[in-house]
Amino acid sequence: MAYTPGGGTPAAGAVPMGSQYCVCKVELSVSGQNLLDRDVTSKSDPFCVLFTESNGRWIEYDRTETAVNNLNPAFSKKFVLDYHFEEVQKLKFALFDQDKSSTQLDEHDFLGQFSCSLGTIVSSKKITRPLLLMNDKPAGKGLITVAAQELSDNRVITLSLAGRKLDKKDLFGKSDPFLEFYKPGDDGKWMLVHRTEVIKYTLDPVWKPFTVPLVSLCDGDMEKPIQVMCYDYDNDGGHDFIGEFQSSVSQMCQARDGIPLEFECINPKKQKKKKNYKNSGIIILRSCKVGIDFTASNGNPLDPSSLHYINPMGTNEYLSAIWAVGQIIQDYDSDKMFPALGFGAQLPPDWKVSHEFAINFNPTNPFCSGVDGIAQAYSACLPHIRFYGPTNFSPIVNHVARFAAQATQQQTATQYFILLIITDGVISDMEETRHAVVQASKLPMSIIIVGVGNADFAAMEFLDGDSRRLRSHTGEEAARDIVQFVPFREFRNAAKETLAKAVLAELPQQVVQYFKHKNLPPANSEPA
């Protein structure tokens, strides 16, 4: 069957701390369930091919190994990609049943495919979806599971292992042993991390040293349990279990050159049946080394290619947007104190990703004095954070909505909230954001989004319900249009007043519309 691939942020509310050139490495693990059986006398021998989209065309990126005679494969080969969280990076996973040694995909039987964006996988961490045939009909009951691991920790671990006196599994030979390494997943199940090569015809194998990212093996947690399984390889895919043991990186690090660490390889079934059972052999950790991979890269605000780079004139697109909009909005606030939040950054000291943090690093008092205070807090926080993704809008929208909800009890038109989001990223949590905006449309608040850089902002325009009323993923319709989106690039060479006019064009109508609907009379005090 021939296969053709076919065709976080400032605000008087929030500043996403992503950079157009901010890149992190993402590792994707793939497994399949209930795949189609294309072989007559045995089961399918599946492998997975990853395609990335470039200029409207699907380009093969990489392939996994082939899982022999297996309809529920867990592939040990990982796909490692650069994650640009301000871009929509479209991916397609296609599975095939290997029939020949040919590298041409049309020489193999097609088992199904699945397409999505890299951001969808990263923001969900793990997704399971049905496989589809090329006519978009289900590929039987076939499923694909893709798990994302952000390689934010640039430490790597190198292991060198051997075996001694492993159980003999082959009738006319010895064994063909290999090892599999697993870590506990968020769902409580063991997740395959690495599979060694097979060493033929021996009970005393010596495997080649291998290196994996530390975050892949144990999520960077040196105490997290690691399960190691030893098997005897069979050509029909029915590998014979030899034994297993558990350890941790902390324990493994006790092994040094010349001072190996030994683990008993235990077969629990044999252990229960045989009183004199000792073990099924010994796995020897000859050496364990943890080091740093200096090839990892993240956006740098000191780099002129970064959108957060502050030029010799003391500005950038973020600051320009803050000034153009903030100078007008602040005139309608009585105390000129604005909470300024960031999202999409790793924060010290533990460098965990945050989608809702005070850019003045004072979570109990995130308020900045006027536009000057916002600009100063933004500039001051840049050297102390690491840009990251994904670009999640819903936490910030929900944050402001909580304040707006408290104002629904007002008896006069005194309080109205404006969330200004300045972002260079494509929304990663679109469904959650749609729901948040629809719920916020019932409250005294509006959302202004200014897109900086040259990313694809189609999703932002979708939220801006000028052409049709926005609906959540559940089908609920927004009570009114509260989002105004403006791409900054269209105003780079225009007067500041032009940008401000475009950004604030719909705001007066939105404010009046809300208070009229609630039948609230105007108050002498100015709106917040």
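## Helix H11, salt bridges and a cavity

On helix H11, the face turned away from the buried side carries Pro508, Gln509, Lys516 and His517, which are exposed. Here, exposed means over 50% relative accessible area, buried means under 20%, and partly exposed is in between (1.4 Å probe, protein chains only). Helices (H or I, at least four residues) and strands (E, at least two) are DSSP runs, numbered from the N terminus.

Before going on, a word about the model: it is predicted, so local features need pLDDT of at least 70 and side-chain atom pairs count only at pLDDT 80 or more, while totals for chains, interfaces and linings use all residues. Residues are numbered from 1 along each chain as its sequence is written, and side-chain values use heavy atoms, with hydrogens and water left out.

Back to H11, which covers residues 507–517: its buried residues are Leu507, Gln510, Val511, Tyr514 and Phe515. Looking down the axis of H11, these buried residues fall within an arc of 120°, so they line one face of the helix. That arc is taken from the directions from the helix axis to the C-beta atoms. What do the buried residues of H11 pack against? They meet strand E25 (417–423), strand E26 (445–451) and strand E27 (483–487), where contact means heavy atoms within 4.5 Å. After H11 comes Asn519, with a positive phi near 55°.

Now for the charged pairs. The structure holds 14 salt bridges, each being a side-chain nitrogen of Lys or Arg within 4 Å of a carboxyl oxygen of Asp or Glu. Among them are these three:

| Pair | Closest N to O |
|---|---|
| Asp82 and Lys25 | 2.7 Å |
| Arg164 and Glu262 | 3.1 Å |
| Glu180 and Arg195 | 2.7 Å |

Asp82 sits in strand E5 (residues 79–83) and Lys25 in strand E2 (residues 24–33), so their bridge ties together parts that are 57 residues apart in sequence. Asp82 is partly exposed at 33% relative accessibility, and Lys25 is partly exposed with a relative accessible area of 33%.

The Arg164 and Glu262 pair links distant parts of the chain, 98 residues apart: Arg164 is in strand E10 (residues 155–164) and Glu262 in strand E16 (residues 261–264). Arg164 is partly exposed at 30%, and Glu262 is partly exposed at 45%.

Is Glu180 buried or exposed? Glu180 is buried, with a relative accessible area of 7%, while its partner Arg195 is partly exposed at 25%. Glu180 belongs to strand E11 (residues 177–184) and Arg195 to strand E12 (residues 190–195), so this pair ties together parts 15 residues apart in sequence. Salt bridges with shared partners join Glu65, Glu180 and Arg195 into one network.

Strand E5 also contains Leu81, which counts as buried at 5% relative accessibility. Leaving out residues up to four places away in sequence, Leu81 touches Cys24, Lys25, Val26, Leu28, Leu50, Thr52, Tyr61, Leu91 and Leu118. Leu81 and Leu28 are 53 residues apart in sequence but 8.1 Å apart in space, C-alpha to C-alpha.

Finally, the second largest cavity is lined by 10 residues, with Leu463, Leu470, Arg480, Asp481 and Ile482 lying nearest its centre. On a 1 Å grid over the protein atoms alone, a cavity is a set of points where a 1.4 Å probe fits but cannot get out, and lining residues have an atom within 4 Å of a point. The volume of the second largest cavity is about 40 Å³, taken as the space filled by probe spheres set on the points, with grid points joined across faces, edges and corners.

Notes
On a 1 Å grid over the protein atoms alone, a cavity is a set of points where a 1.4 Å probe fits but cannot get out, and a pocket is an open set with protein on both sides within 12 Å along at least five of seven lines; lining residues have an atom within 4 Å of a point.
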